[in-house]
Amino acid sequence: MNLYYYKAYGLVFQSEFSIAGLTSEIACENPDVVLTIGTLDVTPYSLIKGFLIKEITPEGFLYGIKDLATFLLSDGNKVIVDPLTEETELWQMYLLGSVMGALLQQNGFLTLHGSAFVFNNKAHLILGASGMGKSSIAMALHQKGYELLTDDISAIKFDSNNKPYLFVASKHIKLWEDAIEHLSTAQEDMARVRESLPKFRLLLDTTHDQVKYELGNVFILNIKRLPEGQFAFKHLNTMQLLRYLNQNVYRKKFLLDMGNQKDAFFMLSQLANNAFGTLLNRTHSRTDVRLVAEKMEKFLKQ
Amino acid sequence: MKHLIWLASYPKSGNTWFRILLDSILLNDGAAVDINQVQTASLRIIERQSFDDFLEFGSGELTLQESNSFKHKYYLDYGLKATEDTFIKTHEANIKVDNQQQLIPKEVSKLCIYIVRNPLDIVCSLANHYVVSTDEAIKIMGDSSYTFFKHEKGITSNIPEMIGDWSTHVSSWLNTKGFPVILIKYEDLLCEPIQTLRMVMKELGQPMSDQVLQRAVDNHSFGQLARQESKHGFREKVVASGAFFRKGKANSWKEELTKRQIEMVIHHHHQVMDNLGYSTDINQK
């Protein structure tokens, strides 16, 4: 059987199936996470909200979406996938999204919803609600020469001095067609994330010399009524930052499901105490990502 | 318990104005309200983040059909969690999802107040709002797949709302089964605001004195709303358009539409217009 190896968030993954969107790694004997295809029996469990399975079972955390796929995550080092759809891209989307979020939480990471880039050898986060343009801005910064570290999920751990570090995820970024057009970043080998959607996965020309980076700024994206092309940066105090960080925890409900809420809140507090928080107010405009990137660069240089 | 009260309409039919009036009547004793601080019928339900939190996965990579299917469950869950009567403003058509149930779950819906407006007037308002030609606005109103917040090449921070064409939109709500739908004509709200609001408040089980109703109407004329918008902007205006609050008049189409354009609108929508008592005489101008 062919085995595939990938590296993300400082973990080596060994998989029975290829995964579009992760960065390949050389084969190793002791992977951190093993992914296999298997059959998972969900009959003892009832659907939540009519489509969701979330159960702590003796074997681990069972997560499934009706008619799409079921996943069993055990001890943060083993994932069994039971695909229920033939659309591989679709179940892998859940694998690299919600399932990866839960897996990282099992591995003791604080997971936040956002992208990150390097400036002055520090990782800077861009957090915000879905559809706010986090990936587009991250791509615009990448085009300006700032290495992209992660797209969508930011995984953080702390050293013994409570200093937060962001772990590098992948060399891929997912962008919608409009962002690709605005940023003139079309590539020959870019692939649709789903056949039916105008969203593409791009492989970036980046080295990722380090596994993790000390955390610098946390930018929180916020839509505000401002004149077109106007932006406002506002420093956040610790309590304000804590509130925004809490709003941007990736798959927060999983923490409750898996009993990790207390640990996560402790890490959020540590992060709020040790990071510099900035609220970035911008307009609804979808065409100003380059300008936003310029303003962020200028802000960081100051 | 059924707690959801839907404030539904095709876009540019007076839903926002009506919601401001309700806010003034129910929460402010008829006093003037800040158009950017309206509490009645929070729009948070259409925020993508709320939808994603419910799904526990990202909705951005769902097809429109998948999104609609999950949205029915989302509204159901929202209604099951409501502990008191909750207004929801919507432009969704109450279409069938998965070829089965209607999008709006009857199990948790107490009532719908459906606001309808003469489509000839909507055309003019829509053209201004979307900064498109009148012909393009007519086309939008006849487009059975028309969807709000659907970006052909990307996503927005709101979830897509299935609008459809004007006739289907109206029919989808007026033929709703499982909870009552109260029909209000925009034109009645303009010409007979007190009688119309009195009827609505009675249906809501919250009768108010005519003084409160009158105060609310006096404090929220289109001129006053337009002045607020011009001074402070309007955060619910999601497209780069002209003013959200424009004329607010009935029969503007008589000055703004050509005979050909009137014919086009009537051709598309005559059946529903007839049912609602809007004239379909193409020579009426």
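Q: What radius of gyration does chain A have, set against that of a compact globule with 302 residues?
A: This is a predicted model. A compact globule of 302 residues would have a radius of gyration near 19 Å, and the value for chain A agrees with that. Along the principal axes, the C-alpha atoms of chain A fill a box of roughly 55 × 45 × 40 Å. The radius of gyration of chain A is 19 Å.

Q: Of the contacts in chain A between residues at least 6 apart in sequence, what percentage join residues at least 24 apart?
A: Chain A has seven helices and 19 strands, and 43% of its 302 residues count as buried. Contacts between residues at least 6 apart in sequence form the pool here, and the part of it joining residues at least 24 apart is 63%.

Q: Which element gives the largest share of the side of domain 1 of chain A that touches domain 2 of chain A?
A: The domain assignment of chain A gives domain 1 (4-106) and domain 2 (110-301), with centres 24 Å apart over C-alpha atoms. In the contact between them, 20 residues of domain 1 meet 21 residues of domain 2. On the domain 1 side, β5 (52-57) and α1 (88-106) of chain A are the elements that give two or more residues. The largest share is 10 residues, and it comes from α1(A).

Q: How many nonpolar residues does the side of domain 1 of chain A that touches domain 2 of chain A have?
A: Sorted by class, this side has seven polar and two charged residues. The nonpolar residues on this side number 11.

Q: Where does the largest nonpolar core lie with respect to domain 1 and domain 2 of chain A?
A: This core has 156 residues, and those with the most contacts inside it are F71(A), V99(A), L149(A), F219(A) and V123(B). α1(A) gives the most to the core, with 11 residues. Because domain 1 (4-106) and domain 2 (110-301) of chain A both give residues to it, the core lies between them.

Q: Which residues does L149(A) touch, not counting residues up to four places away in sequence?
A: L149(A) is one of the residues with the most contacts inside the largest nonpolar core. With residues up to four places away in sequence set aside, L149(A) touches A116(A), F117(A), V118(A), A123(A), L166(A), V168(A), A169(A) and Y213(A).

Q: Which element gives the largest share of the side of chain B that touches chain A?
A: In the contact between the chains, 20 residues of chain B meet 29 residues of chain A. α2 (48-55) and α3 (64-81) of chain B each supply at least two residues to the chain B side. By class, that side has three nonpolar, nine polar and eight charged residues. The largest share, three residues, comes from α2(B).

Q: How far apart are the end C-alpha atoms of α3(B)?
A: α3(B) has 18 residues, and at 1.5 Å a residue they should span 26 Å. The distance in the model agrees with this: the end C-alpha atoms are 25 Å apart.

Q: What do the buried residues of α3(B) pack against?
A: The buried residues in this helix are S67(B), N68(B), F70(B), K71(B), Y74(B), Y75(B), L76(B) and G79(B). They pack against β1 (4-9), α2, β3 (109-116) and β5 (161-162) of chain B.

Q: Is I155(B) buried or exposed?
A: I155(B) lies in the loop between β4 (147-148) and β5 of chain B. Leaving aside neighbours within four places in sequence, I155(B) is in contact with G131(A), W176(A) and G60(B). A residue counts as buried if 20 or more other C-beta atoms lie within 10 Å of its own. I155(B) has 26 within that distance, so I155(B) is buried.

Methods. Residues numbered from 1 in each chain as written. Chains lettered and ligands numbered in written order. Predicted model: local features only at pLDDT ≥ 70, side-chain atom pairs only at ≥ 80, totals over all residues. Contact = placed C-beta atoms within 7 Å. Helix = DSSP H or I, 4+ residues; strand = E, 2+ residues; numbered from the N terminus. Nonpolar A, V, L, I, M, F, W, Y, C, P; charged D, E, K, R; others polar. Domains from an automatic or database assignment. Expected span 1.5 Å × (residues − 1). Buried ≥ 20, exposed ≤ 12 C-beta atoms within 10 Å, placed from the backbone. Rg over C-alpha atoms; globule rule 2.2 N^0.38 Å. Core = buried A, V, L, I, M, F, W, Y, C linked by C-beta atoms within 7 Å.
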